[in-house]
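Q: I'd like to learn how to read a few features straight off a model. Can we go through some together?
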Amino acid sequence: MTGKIKVCHITNVHASDDARIFHKECVSLAAAGYEVALVAPGESREDKGVRVIGCGEKPTSRVKRATSFAKKIVKTALELDCDVYHLHDPELLLYAKRIKRRGKLVVFDSHEDYFFEKDYLPKPLRKIVSRAYLAYESNIMKSLDGLICCYRKTRERLEPKCKLCEMIYNFPLKTPPVERETRSDDRFIIGYAGGVDGFWNHERILEALRDEPNVLYRVAGRCGDEYLAKLRATPGWDKVEFLGKIPFREVQSRIYGEANLGVALLGYIPECNGKEGNMSNTKLFEIMNAGLPVLATDFDLWKDVVVANRCGLCVNPYDVDAIRDAIRYFRSHPDETAEMGRNARKAIEEKYNWNVDEAKLLKFYERLTESI
């Protein structure tokens, strides 16, 4: 083939500046010489070598997002007449065979393991929808050209049905170390940035902090009114500085720049297979990237990172006493805590960064497109 290979990433769910889709995968492929387009909700732009085609605001209705809006997204993408179509959402699999019939290569990027029942569905439908999706997923995978996933169980389930499969995690982009702010006070600051919801056990963190002197829990992220009201009524709220949603580019400086510790206390949700955990969630690695020690959930996979690299402590996220004891340990061992932060940053620089997975992505695309 003469000229550049044309690649189109498609999402009807994620924003056009999504960290995994745009900043990592699309930008890396463009830098490697592919002609890359991204069709997504939002507005159009040219950015970092990627042509972004915006299809307007996505519907608030899940049904409309998965039907009429997904159809609009796919129609727009097909008009670009690319060589490879890289799908990022499960409802887009419904259009995979249609894209294949046009002689295109089709890749599915599974951001989650969709084996689990979705709690937003009515209870009687959850098992039915889950089983129906898994049956369809298993069948459609045989006709696709490649699968990218970031959950071990997804790979175990689908790799035997795939022509090409690669595990690509959500490790952070390598960035300069966060400039630590010089403070005149001796407050112990704990930082958190991300979704502010019950999955991350904020109310238990507040309970652990309620009687701790001279501590500040600085939090940024989108929070629903109901959960925010619950937090405001929780003893320990007086320890919180809640910033609401802030631009991603400001997280490192405003949340982690002054912090002594970062927290990532995700619950044992189904997507994490109980205490096994997963390596696709970015919270742990974003904190480590900031050069901070981390107080993390005792997932088996996270302990392999945190304990092995001596960069924090892992506890049961539902155990208020364990959370409190861990925070007190960090506070009473300042030299060790600082050393944990340095170890965290070193681990990111050497092991857990996007450069590692970028190499796997490019190799995957070399094998995918070798027949073009």
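Q: Let's start with a helix. Which residues are buried in helix 7 (residues 225–232)?

A: Keep in mind that this is a predicted model. In helix 7, the buried residues are Tyr227, Leu228 and Leu231.

Q: Why do the buried residues of helix 7 line one face of the helix?

A: Here's the general idea: an α-helix has 3.6 residues a turn, so residues three or four places apart point the same way. In this case, look down the axis of helix 7: its buried residues fall within an arc of 100°, so they line one face.

Q: What do the buried residues of helix 7 pack against, and which exposed residues does the face turned away from the buried side carry?

A: The buried residues pack against helix 6 (202–209) and strand 11 (240–242). Asp225 and Glu226 are the exposed residues on the face turned away from that buried side.

Q: Strand 11 also turns up in a sheet. In what order do the strands of that open sheet come?

A: For a sheet, follow the pairing from strand to strand. Here 6 strands are ordered 11-10-9-12-13-14, with parallel pairing, and the sheet is open. Its edge strands are strand 11 and strand 14 (312–315), each of which pairs on one side only. From one strand to the next, the twist averages 20°.

Q: How many bridges join strand 12 to strand 13?

A: There are 3 bridges between strand 12 (residues 261–264) and strand 13 (residues 294–297), and the two run parallel. To find your place in the pair, look for Ala264, which stands opposite Ala296 of strand 13.

Q: Now the cysteines. How many disulfides does a search of the whole structure find?

A: The way to read this is by distance between sulfurs, with a cut-off of 2.5 Å for a disulfide. The search finds 0. Cys82 is in no disulfide, and the nearest cysteine sulfur, in Cys8, is 4.8 Å away. Cys82 is buried, at 3% relative accessible area.

Q: Why is there no bond from the sulfur of Cys162 to that of Cys165?

A: Because the two sulfurs are 5.3 Å apart, too far for a bond, even though Cys165 holds the closest cysteine sulfur to that of Cys162. Cys162 is buried too, with a relative accessible area of 16%.

Q: Last one: is Asn289 buried or exposed, and what is Asn289 in contact with?

A: Check accessibility, then look at the surroundings. Asn289, in helix 9 (residues 283–289), is buried, with a relative accessible area of 4%. Leaving aside neighbours within four places in sequence, Asn289 is in contact with Pro172, Leu173, Thr175, Arg345 and Ile348. With Thr175 there is also a side-chain polar contact of 3.1 Å.

How values were computed:
Residues are numbered from 1 along each chain as its sequence is written. This is a predicted model: local features need pLDDT of at least 70, side-chain atom pairs count only at pLDDT 80 or more; totals for chains, interfaces and linings use all residues. Side-chain values use heavy atoms; hydrogens and water are left out. Helices (H or I, at least four residues) and strands (E, at least two) are DSSP runs, numbered from the N terminus. Buried means under 20% relative accessible area, exposed over 50%, partly exposed in between (1.4 Å probe, protein chains only). A polar contact is a pair of N or O atoms within 3.5 Å; within protein, one must be able to donate a hydrogen and the other to accept it, and residues adjacent in sequence count only if both atoms are side-chain atoms. Contact means heavy atoms within 4.5 Å. The arc is that of the directions from the helix axis to the C-beta atoms. Two strands pair if DSSP finds at least two bridges between them. Axes are lines fitted to C-alpha atoms, for helices over the stretch in contact, and angles run from 0 to 180 degrees between N-to-C directions.
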